[in-house]
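Please open the structure in your viewer and keep the sequence panel visible. The tour below proceeds from one selection to the next.

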Amino acid sequence: MSSQSSDSSSNDLPPTVAALVLKPSGEREVVEEAKALEFVAEWTQQLESHALLHSAPDDFSDEQMIEVVLSDKSYTAEAARCIAAFLEPLAPRIVRADLSDIIASRMEEEGLQVLETICNSLREANLLEVNLSDNAMGNKGILACAAVLGGQAHSLEALSMCNNGLSEHSMEQIADILTTPILDDGDDETTNNGRPCMATRLTKLHFYNNMSGNGGCNAFARILSQCTSELRDLRYSSTRAGREGSLLIASALDGLCPSTADGGGENNKDNGLIYLERLDLADNSFGSEAAVSLSRALARCVHLKYLNLRDCILEDGGTQLVCHALWCNDAPVEHLDLSGNDITKRGAKSLAELMDENPGTLRVLHAEENEMTSIGIRRIARAIYVQEKNTGSSSLVELRLGHNECGKIGASALVDAFGAGGEGMPLLQSIDLDGNGFLPEDVETLEAAFGDKLGPMEDNVDDEDADENLDPDDFDEDEDDDDDDKDSMEQAKDQTRTSTDVDAITESIAKGLHIDGLC
């Protein structure tokens, strides 16, 4: 299995823990017992050089903690036993275990044996972070990894289970582990009311590329219901969620943020999303309905830096709500992905307004595979130009607007926004415009302006200018939209500026944007 995009967000330990990393050397390979012994010898030397091999656990400082990274190698059962024998006495010092992709090509019986052997060697650890991604794991696999899941009930803060093939039942099993009240020694089930669970401590939770469907969404919503303001990094994407399951996810996120009427609010300690910095919900089927709950949650993510809503069926209505929610909370968003959401020129206008209102923070913008046309692309280009005029330059480092039915008009607007010598986008490193409809001379203009920053144009349709398909009224509508929408947007903004109730804010946005069926 490939681990290319399974878990690439934040792998940092809490800042107080600077751990020594034990990682096998060399390229990806099948590791047999002889090779495992070589790794153990290397690690022994590494520990001896840091005077850690024979020191007692009670003598450790944070700087003497250990991080184990076994990922991207496939271990035989014999190799696993060898490594486990080495790790077991070190377990009290180990704070992080990356066990991703360690059973590739193993038959089921041996794969389960490898997982159980390695995980059991860490039973006495106090793990802060566990990564089990890219291992085929049904219910049997979860049981095999019990020592690093439920076995870490008093310490675990970060968990990644991406590309594991998790089913609905597997997700329910994980939800049970993470939401079961933690009992101290001597407690029994009658004393579990009000007890914290593993989910209440989580700072990072990643699920990606599983097959859990709507039932898995229900399990994930159960986990979210127990999360707190400790949460910093959340990923739940590509899990085959339908509309029903996606609405559960959006509602669960909204439920982490009590309304002002319930004693919550953006800066209240009960706001479970107040410190969230990364949110990846790509490939969920939100649509406009779930976008209402989602936008209410986003309006409280005041520290959000990374947002991925790719392929979420937001369309223009949902895009308007999301963009306005980000405007309301003034979040320092640096990475925004709204690709593949059927966004037209009207949704592009909402995105452009967000860029106008929050200048200086957005570094990565992905909005490819939409239907913005040159009219929408021109609006985004104008926002970049306005940002350059207001702040001196655009903050964009990466821009993806490919496959957007864009032609000469959009190309010219982007070149103008880039400016002579790139003065309008001095930080830009890459721009992707492939899959649009630029004539050969327009491609030459783009290449001359952007140089090697421009990505390949292999899928560009150069036999016809995409703008030839625009209705002449589109140009008049572009100006009319600026006038018609300005009043409604300003009215919504005026209301949200004076409102502290996020529910009222969302209603105000929906009314101001004339989104059918939302008000």
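Begin by selecting T373 together with its contacts: apart from neighbours within four places in sequence, T373 touches N404, E405, C406 and L470. The model in view is predicted. T373 belongs to helix α11, which covers residues 373-391. Is T373 buried or exposed? Its relative accessible area is 13%, under the 20% limit, so T373 is buried.

Now display the whole protein as a cartoon. Its secondary structure amounts to 15 helices and 15 strands. Of the 519 residues in the protein, 56% are buried. Among contacts with a separation of 6 or more, 83% join residues 24 or more positions apart.

**The nonpolar core**

Next, select F207, L309, L336 and L351. Within the largest nonpolar core, which has 137 residues, these four touch the most other members. In soluble globular proteins, nonpolar side chains tend to be buried together. Centre the view on L309 and show what surrounds it. Leaving out neighbours within four places in sequence, L309 contacts L281, F286, L294, L298, L314, V322, D337, L338, S339 and N341.

From there, move to V302, in the loop that links α8 (287-298) to β11 (306-308). V302 has 19% relative accessibility and therefore counts as buried. Add D330 to the selection: V302 and D330 are 28 residues apart in sequence, and their C-alpha atoms are 6.7 Å apart in space.

**A helix pair**

Select helix α6 (residues 213-224) and helix α7 (residues 243-255). Two packed helices are described by the angle between their axes and the distance between the axes. For α6 and α7 the angle is about 5° and the axes are 8 Å apart. The two helices are therefore roughly parallel to each other, as the angle falls under 35 degrees.

Show side chains where the pair meets. On α6, the residues involved are N214, C217, N218, F220, A221 and L224; on α7, they are E244, G245, S246, L248, I249, A252 and L253. Sorted by class, this contact has 8 nonpolar, 4 polar and 1 charged residues.

**A buried serine**

Which residues does S170 touch, not counting those up to four places away in sequence? Select M137, G138, N139 and I142 to see them. S170 itself is part of helix α5, residues 168-179. With a relative accessible area of 1%, S170 is buried.

**The two sides of α13**

Proceed to helix α13, residues 440-450, and colour D442, V443, L446 and F450, which are buried. These four cover an arc of only 100° around the axis, which puts them on the same side of α13. An α-helix has 3.6 residues a turn, so residues three or four places apart point the same way. Rotate the view to the face turned away from the buried side, where E444 and A448 are exposed. Then add α12 (408-418) and β15 (430-432), which are among the elements covering the buried residues of α13. Just after the helix comes G451, with a positive phi near 60°.

The last stop is E468, in the loop between α13 and α14 (472-497). E468 has 54% relative accessibility and so counts as exposed. Select G437 as well: 31 residues separate E468 and G437 along the chain, and their C-alpha atoms are 9.7 Å apart.

Key:
Residues numbered from 1 in each chain as written. Predicted model: local features only at pLDDT ≥ 70, side-chain atom pairs only at ≥ 80, totals over all residues. Heavy atoms only, no water. Buried < 20%, exposed > 50% of the residue type's maximum accessible area, 1.4 Å probe, protein only. Arc of directions from axis to C-beta. Contact = heavy atoms within 4.5 Å. Core = buried A, V, L, I, M, F, W, Y, C linked by side-chain atoms within 4.5 Å. Axes fitted to C-alpha atoms, helices over the stretch in contact; angles between N-to-C directions. Parallel < 35°, antiparallel > 145°, perpendicular 65-115°, else oblique. Nonpolar A, V, L, I, M, F, W, Y, C, P; charged D, E, K, R; others polar.
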